[in-house]
Amino acid sequence: MDEKTMVNDILSSVKADLTAYQTAITEAENMGLRQTLQQIRNNDESFQYEMFKIAQSKGYYQPAAKATVTEITTVKNELQS
């Protein structure tokens, strides 16, 4: 397996983990468990961002084009209505 595949696999796995943590957090009644899950999620988010920066710097990941002000305004208006 080449480095690009490994990095992208890690990013995909962390993304799935973050989704699972978010679900568990919203369903946790125990405050201690909730806080622990939030801390794990925060650490994973930081790790994901570091991996993203590596992937981007090596050309493994190209983000989508930035949204225009008009596109942002359109989405914002749709979500507010």
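**Close-up 1. Helix α1 passes helix α2 in a left-handed crossing.** The contact draws on V7, I10, L11, V14, D17, L18, Y21, Q22, A24, I25 and T26 from α1, and on R34, L37, Q38, I40, R41, D44, E45, F47, Q48, M51, F52 and A55 from α2. As you explore this view, please keep in mind that the model is predicted. The two helices pack at an angle of about 160°, and their axes lie 9 Å apart. An angle over 145° counts as roughly antiparallel, and α1 and α2 are therefore roughly antiparallel to each other.

**Close-up 2. Here is helix α1, which covers residues 3–27.** Its 25 residues should span 36 Å at 1.5 Å a residue, and the end C-alpha atoms are indeed 36 Å apart, so the two values agree. Look for V7, L11, V14, L18 and I25, which are buried in α1. The buried residues of this helix pack against α2, residues 31–57. An α-helix has 3.6 residues a turn, so residues three or four places apart point the same way. That is a handy thought to carry along the helix.

**Close-up 3. Helix α2 packs its buried residues against α1.** Which residues of α2 are buried? They are L37, R41, D44, M51, F52 and A55, so you will find charged side chains as well as apolar ones to look at in this list. The helix has 27 residues and reaches 39 Å from its first C-alpha to its last, close to the 39 Å expected at 1.5 Å a residue.

**Close-up 4. Y49, F52 and Y61 form one aromatic cluster.** A pair of aromatic rings is described by the distance of the centres and the angle of the planes. The count comes to two aromatic pairs. In one of them, the ring centres of F52 and Y61 are 5.3 Å apart and the planes stand at 75°, so this pair is edge-to-face. Is F52 buried or exposed? F52 is buried, with a relative accessible area of 17%. Its partner Y61, at 35% relative accessibility, counts as partly exposed. F52 also appears among the α2 residues in contact with α1, which links this view to the first one.

**Close-up 5. E3 sits in helix α1 and touches residues far along the chain.** Leaving aside neighbours within four places in sequence, E3 is in contact with K58 and Y60. How many residues separate E3 and Y60 in sequence? They are 57 residues apart, while their C-alpha atoms are 9.2 Å apart in space. E3 counts as partly exposed, at 38% relative accessibility.

**Close-up 6. Helix α3, residues 69–80, is the place to find T74.** The number of buried residues among the twelve of α3 is zero, so this helix lies largely in the open. From its first C-alpha to its last, α3 reaches 16 Å, close to the 16 Å expected at 1.5 Å a residue. T74 itself counts as partly exposed, with 37% relative accessibility. For a sense of distance, try T74 and L11: they are 63 residues apart along the chain, and their C-alpha atoms are separated by 30 Å. L11 is one of the buried residues of α1.

Technical notes
Residues numbered from 1 in each chain as written. Predicted model: local features only at pLDDT ≥ 70, side-chain atom pairs only at ≥ 80, totals over all residues. Heavy atoms only, no water. Phe/Tyr/Trp six-rings, centres within 6.5 Å; stacked < 30°, edge-to-face > 60°. Buried < 20%, exposed > 50% of the residue type's maximum accessible area, 1.4 Å probe, protein only. Helix = DSSP H or I, 4+ residues; strand = E, 2+ residues; numbered from the N terminus. Expected span 1.5 Å × (residues − 1). Contact = heavy atoms within 4.5 Å. Axes fitted to C-alpha atoms, helices over the stretch in contact; angles between N-to-C directions. Parallel < 35°, antiparallel > 145°, perpendicular 65-115°, else oblique. Left-handed = near helix turned anticlockwise from the far one by under 90°.
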